[in-house]
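Trainee: Got a minute to walk me through this one? I'd like to start with the overall make-up and then poke at some details.

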Amino acid sequence: MANKGVPTATQPAGDRSPRTAQTGRSLGSRLREFAPMVMLLLTCAIISAFEPSFLEWTNLMNIAEASAVPLVVGVALTFVVISGSIDLSIEGVLALCAIVCSLLVANSHNGMALGVWAVVVACIVGAAVGWLNGVLHARFGIPSFMATLGVWFAALGLAFVLYGGQPVVIEDKALLSRVTGDIAGVPVLALIAWTVLGLGYYVQRWTRLGRYAYAIGGDEVLAETAGIPIRRYKVLIFAAAGAVLGLAGALNVLLVGAGDTTIGNGELFQTVSAVVVGGTAITGGVGGVLNTFVGVLLITVIDNGMILGGINPLIETGVKGAVLILALAVSLDRSKIAVLK
Amino acid sequence: VTPGEKVRERLPRAASVRALNVGLGRIQNDALVPILGPILLLVVFAASEPRFLSTPNLQNMGVDAALLMVLATGTTYVILMGAIDLSLGALFGLGQVLVAMLVPDVGLWSFGVAVALGGCAGVVNGLVHVGLRIPSFLASLGMAGVWLTVALLMTDGTNVSIPVDDWPNVQWVAEPVLGVPKSIIVAAILLAGAIVIERRSTLGSYLYAIGANEEAARVSGVPVERYKIIVFGLAGAASTGGGALSAGTVLGASPTSGNPFVLIAIAAVVVGGTALSGGIGGIGRTVAGVAIITILGHGLTYLGIDPFAQQLVTGALVIVAVAATMDRSKRFVTK
């Protein structure tokens, strides 16, 4: 540190030991960085102490499969949250893309049979909805939570119009068995999700989109002053997240085997909890997809432990709500919230 | 520029916003849409389907509007203050469940219990928001999960129906007095009370002050935190109250029955012209918003559009209304 003990504009003169303060902060922040990981390991240890079957290969693979779709959804939301926005339209987009996918593969409603291409179309539809989110937020200046809340219900309404009241049963057995099958004992669904995670990490770390997401979330005004076209990148981030959500919707419907508008129910909650619990700050600029991976695993492990322990599944939503509030209370960077709305 | 100067610079605007919303200043150009909207919609739907103006349909619309009005009253206060309450749906379900479960034991009192517990739940929401310093939309989203779980645990995850013997204790909401169902009368009394509070009480003035400029309100001596908690409490009571009223109509309860109402209540408030950015609008505007949403919903149903599919229209309407009423001068950064 160059300005040892010398008061500067940013350091109050009364602070005699900036170095110790600095070290203390970084130690604290380093602890906070690993807190989610420690929590995950602790939870695993506690559950396996009570239920040894937790650590069996089949159960671990169950967890891998159960966490696959939430992980894909989580990767999508992570980029939006890093850039300082929020996407509440998750459930609507998932439902819409699931219905679109199920209506395009061989199904009980019509004569379509696009096979894997249906997944691609679902991604495109998701990207379109995400783009709409981004435009409404970035171009029209509507707070992202409000714009995406409106889009949530609009997308859900559209899904209802498309499916016409009857679940769309998927009859493309080959595609179903490919997605629900496994390679060398590892569920295909989990492999797909981990691939998405890897891609997400690449984008976050080595592309302009990823770096700008951090810059925008860290300080939007500063990012704009530095010449980043923040509006364009916000729209891009929302659209990319939408495309990944489209994939998640398609995977979800292939896992379940029938398209229904309730397919996304509860995902918003679960995903926001996972992202925040993993350590990505809801105020933007901090965190990443690896944090989300830990968060998703933690949430899934808690679910799994509750099932193994025979705990009433009805309290699941309540536990997630409490976890969300706790994680927010611990992790929120208040200095970035000028006025608490 | 010192912080003090900044605050002084902002104070006159907060006052002018307040003046704008009091008295005659209320009726302006931008109030035309909320007033003309419902009339126009009525004319359009009546022209395409004369039965639309029949007495039974008007009565149905009145009952639906009354329920929405109860919910939207609480939401209006919260939004005026610049916050948002996403736990409305869960608390609505909880209100329904409380009435359905308690009416065999305590009779009419179940309605009072539902409203009182809703108020407590709302206070908890407010405490989580203010005490833990979590943005209101996230705090209320998290708490919605907790309240939903409470309702689910009470019914063991199923839907419950009210025993036939207890129907007299809940069906009063639909009983007509001089041709007007009592639920409409309840909503009208609540509305009158809400207008008086908004325009004549300290709470009302503080709502606008906090919504227009929270920092300015705080340095002017408004106990911002306390009033936020009170308003969240009122909103909670309105949410369970709405659920309780609806239990009398559907004669049963489902913990998840409130889900669609989150968006509809927010829609009624913002379509009426209350700005999501806070400090602009009021209960009067929400009356128009409730009328627009109700007439539109029934009209679309008459045209054969599925109520679930109507969410498409409501969602779009909300986005347009928010975009039109936002006070963008207030925040440089929209998160």
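Mentor: Sure. Chain B has 14 helices and 4 strands. Keep in mind that this is a predicted model.

Trainee: And how many helices and strands are in chain A?

Mentor: Chain A has 14 helices and 4 strands.

Trainee: What share of the residues is buried in each chain?

Mentor: In chain A, 53% of the 341 residues count as buried. For chain B, the figure is 54% of 335 residues.

Trainee: What about contacts between residues 24 or more positions apart? How much do they account for?

Mentor: Take the contacts with a separation of 6 or more. In chain A, residues 24 or more positions apart account for 75% of those. In chain B, they account for 80%.

Trainee: OK, on to helix packing. How do α8 and α9 of chain A pack?

Mentor: Helix α8(A) covers residues 188-206 and α9(A) covers 208-218. They pack at about 65 degrees, with their axes 5 Å apart. Angles of 65 to 115 degrees count as roughly perpendicular, so α8(A) is roughly perpendicular to α9(A).

Trainee: Left-handed or right-handed, that crossing of α8(A) and α9(A)?

Mentor: Right-handed.

Trainee: Which residues of α8(A) and α9(A) meet there?

Mentor: From α8(A) you have Val203(A), Gln204(A), Arg205(A) and Trp206(A). They meet Arg208(A), Leu209(A), Gly210(A), Arg211(A) and Tyr214(A) of α9(A). By class, that contact has 4 nonpolar, 2 polar and 3 charged residues.

Trainee: Now α5(A) and α6(A). At what angle do their axes cross?

Mentor: Roughly 140 degrees, and the axes come within 9 Å. Here α5(A) is residues 117-139. That angle makes α5(A) oblique to α6(A), since the roughly antiparallel class takes angles over 145. The crossing of α5(A) past α6(A) is right-handed.

Trainee: Which residues make the contact between α5(A) and α6(A)?

Mentor: On the α5(A) side, Val129(A), Leu132(A), Asn133(A), Leu136(A) and His137(A). On the α6(A) side, Ser144(A), Ala147(A), Thr148(A) and Val151(A). By class, the contact of α5(A) with α6(A) has 5 nonpolar, 4 polar and no charged residues.

Trainee: Stay with α6(A) for a second. How far does that helix reach?

Mentor: Helix α6(A), residues 144-163, has 20 residues and reaches 28 Å from its first C-alpha to its last. That is close to the 28 Å expected at 1.5 Å a residue.

Trainee: And how many residues of α6(A) are buried?

Mentor: 17 of the 20, so α6(A) is largely enclosed by the rest of the structure.

Trainee: What comes just after α6(A)?

Mentor: Gly164(A), which takes a positive phi of about 65 degrees.

Trainee: Switching to loops. Where does Thr283(A) lie?

Mentor: In the loop between α12 (267-278) and α13 (289-308) of chain A.

Trainee: Is Thr283(A) there buried or exposed?

Mentor: Thr283(A) has 10% relative accessibility, so it counts as buried. Its C-alpha is separated by 7.2 Å from that of Gly217(A), and the two are 66 residues apart along the chain.

Trainee: What does Gly285(A) contact?

Mentor: Gly285(A) is also in the loop between α12 and α13 of chain A. Leaving aside neighbours within four places in sequence, Gly285(A) is in contact with Ile82(A), Tyr214(A), Gly217(A) and Gly218(A). Val169(A), on the other hand, is 42 Å from Gly285(A), C-alpha to C-alpha, at 116 residues apart in sequence.

Trainee: Back to chain B. Where is Thr155(B), and what does it touch?

Mentor: Thr155(B) is in helix α6 of chain B, residues 136-155. At 5% relative accessibility, Thr155(B) counts as buried. Not counting residues up to four places away, Thr155(B) touches Val97(B), Met101(B), Val160(B) and Pro255(B).

Trainee: Last topic, backbone angles. Which residue other than glycine has a positive phi near 55 degrees?

Mentor: Arg133(B) is one of them. Arg133(B) lies in the loop between α5 (109-131) and α6 of chain B, and is partly exposed, with a relative accessible area of 30%. Leu178(B) also has a positive phi of about 55 degrees although it is not a glycine.

Trainee: Where is Leu178(B) found?

Mentor: In the loop between β2 (176-177) and β3 (180-181) of chain B. Leu178(B) is exposed, with a relative accessible area of 86%.

Definitions and conventions. Residues are numbered from 1 along each chain as its sequence is written. Chains are lettered from A and ligands numbered from 1 in the order in which they are written. This is a predicted model: local features need pLDDT of at least 70, side-chain atom pairs count only at pLDDT 80 or more; totals for chains, interfaces and linings use all residues. Side-chain values use heavy atoms; hydrogens and water are left out. Axes are lines fitted to C-alpha atoms, for helices over the stretch in contact, and angles run from 0 to 180 degrees between N-to-C directions. Helices (H or I, at least four residues) and strands (E, at least two) are DSSP runs, numbered from the N terminus. Angles under 35 degrees count as roughly parallel, over 145 as roughly antiparallel, 65 to 115 as roughly perpendicular and the rest as oblique. A crossing is left-handed if the near helix is turned anticlockwise from the far one by less than a right angle, and right-handed if clockwise. Contact means heavy atoms within 4.5 Å. Ala, Val, Leu, Ile, Met, Phe, Trp, Tyr, Cys and Pro count as nonpolar, Asp, Glu, Lys and Arg as charged, and the others, Gly among them, as polar. The expected span of a helix is 1.5 Å times one less than its number of residues. Buried means under 20% relative accessible area, exposed over 50%, partly exposed in between (1.4 Å probe, protein chains only).
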